[in-house]
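Thanks for coming. I will go through one structure this morning and keep to what can be read from the coordinates.

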Amino acid sequence: MVSQTVDLLKNELPLEQESVVLPEDVVNGLVLVDIINGFCSVGAGNLAPREPNMQITGMINESARLARLFCDKKLPVLAFLDSHQPNKPEEPYPPHCIAGTDESKLVPALQWIENEPNVTIRRKDCFDGFLGSIEDDGSNVFVDWVKNNHIKAILVVGICTDICVLDFVCSTISARNRGFLAPLEDVIVYSRGCATFDVPLHVARNTKGALSHPQELMHHVGLYMAKERGAIIANEVSLVTPKKP
């Protein structure tokens, strides 16, 4: 039934994806959204997968590959890490990714980036990394990262496609359209580098307060809505060095 619904949705909401080539004669930035144990590692917390999940595993592998590529080329990388205080719940979700716990740490495949000089780590306590980058003095870590590095395009990967990734992308595009993020031009979401969680209908019906969240369907919806806001959706991404004249 779920597969038929997904097929119907994809027919009604077709999503055109692109093969994106990032030229190296401009600055491209990589944004990693919440690729942490609490959302990705089996059994790591209330919102972690209960069993191995192919979509999440694929997202981690692609994100780690891109992070290595960007770091090898000394390109700017920003990693958002969901990190909450125990006395500040994030409704409607149960307690998760409490600051200082393993839940709020990067997955093992990405922990190495913490020692890379081109990587900025930003811990946030809300869905939207753009809002989560606002400091007490009104400055914004993400905005400063874009401007200080003269970033023309950002490549976004992470979890969850339809929640934290989508919220960040929507806010970023709105800020770009208002002229707050110059010189940023393109916001690219890499579909194979994103994932979301899976709560089948029969599980939700037997879990108090839970909402059904079929993974493949909501992943598609998240990507579709990001494209609807103006993001470029890519199913392939590569970096190329411009040819010398």
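**Sheet, helices and core**

Start with one residue pair: Ala79 stands opposite Ile121 in E4. Keep in mind throughout that this is a predicted model. The strand E3, residues 77–82, pairs with E4 in the parallel sense, over 6 bridges.

Now the sheet as a whole. It is open, has 7 strands with parallel pairing, and runs in the order E1-E7-E6-E5-E2-E3-E4. The edges are strand E1, at 18–23, and strand E4, at 119–124, each of which pairs on one side only. From one strand to the next the twist averages 35°.

Two helices on the sheet, then. H5 packs on it and touches strands E2 (27–33), E3, E4, E5 (151–159) and E6 (186–195). The direction of H5 makes about 175° with that of E6. Helix H7, residues 215–229, also packs on the sheet, touching E1, E6 and strand E7 (232–240). For H7 the angle with the direction of E6 is again about 175°.

A little more on H5. Of its 17 residues, 13 are buried, so the helix is mostly covered. H5 has a kink of about 25°, centred on Asp167. Just after the helix, Gly179 takes a positive phi of about 85°.

Next, the core. The largest nonpolar core has 69 residues. Which residues have the most contacts inside it? They are Phe142, Ile154, Val156, Val169 and Val189. Helix H5, residues 161–177, gives the most to this core, with 9 residues. As general background, nonpolar side chains in soluble globular proteins tend to be buried together.

Take Val189 from that list. Setting aside neighbours within four places in sequence, Val189 is in contact with residues including Val156, Val165, Val169, Cys194 and Leu223. Its contacts also include Ala226, Ala231, Ile232, Ile233 and Ala234.

Last, the aromatics. The structure holds 5 aromatic pairs. One of them is Phe130 with Phe142, edge-to-face, at 5.8 Å centre to centre and 65° between the planes. Why does this pair tie together parts that are apart in sequence? Phe130 lies in the loop between E4 and helix H4 (141–149), while Phe142 lies in helix H4, so the parts tied together are 12 residues apart in sequence. Are these two residues buried or exposed? Both Phe130 and Phe142 are buried. They also belong to one aromatic cluster, formed by Phe80, Phe130, Phe142, Trp145 and Phe168.

That is where I will stop.

Definitions and conventions:
Residues are numbered from 1 along each chain as its sequence is written. This is a predicted model: local features need pLDDT of at least 70, side-chain atom pairs count only at pLDDT 80 or more; totals for chains, interfaces and linings use all residues. Side-chain values use heavy atoms; hydrogens and water are left out. A nonpolar core is a set of buried Ala, Val, Leu, Ile, Met, Phe, Trp, Tyr and Cys residues joined through side-chain atoms within 4.5 Å. Buried means under 20% relative accessible area, exposed over 50%, partly exposed in between (1.4 Å probe, protein chains only). Helices (H or I, at least four residues) and strands (E, at least two) are DSSP runs, numbered from the N terminus. Contact means heavy atoms within 4.5 Å. Two strands pair if DSSP finds at least two bridges between them. Axes are lines fitted to C-alpha atoms, for helices over the stretch in contact, and angles run from 0 to 180 degrees between N-to-C directions. The bend at a residue is the angle between axes fitted to the seven residues ending there and the seven starting there. Rings of Phe, Tyr and Trp (its six-membered ring) pair if their centres lie within 6.5 Å; planes under 30 degrees apart count as stacked, over 60 as edge-to-face and the rest as tilted.
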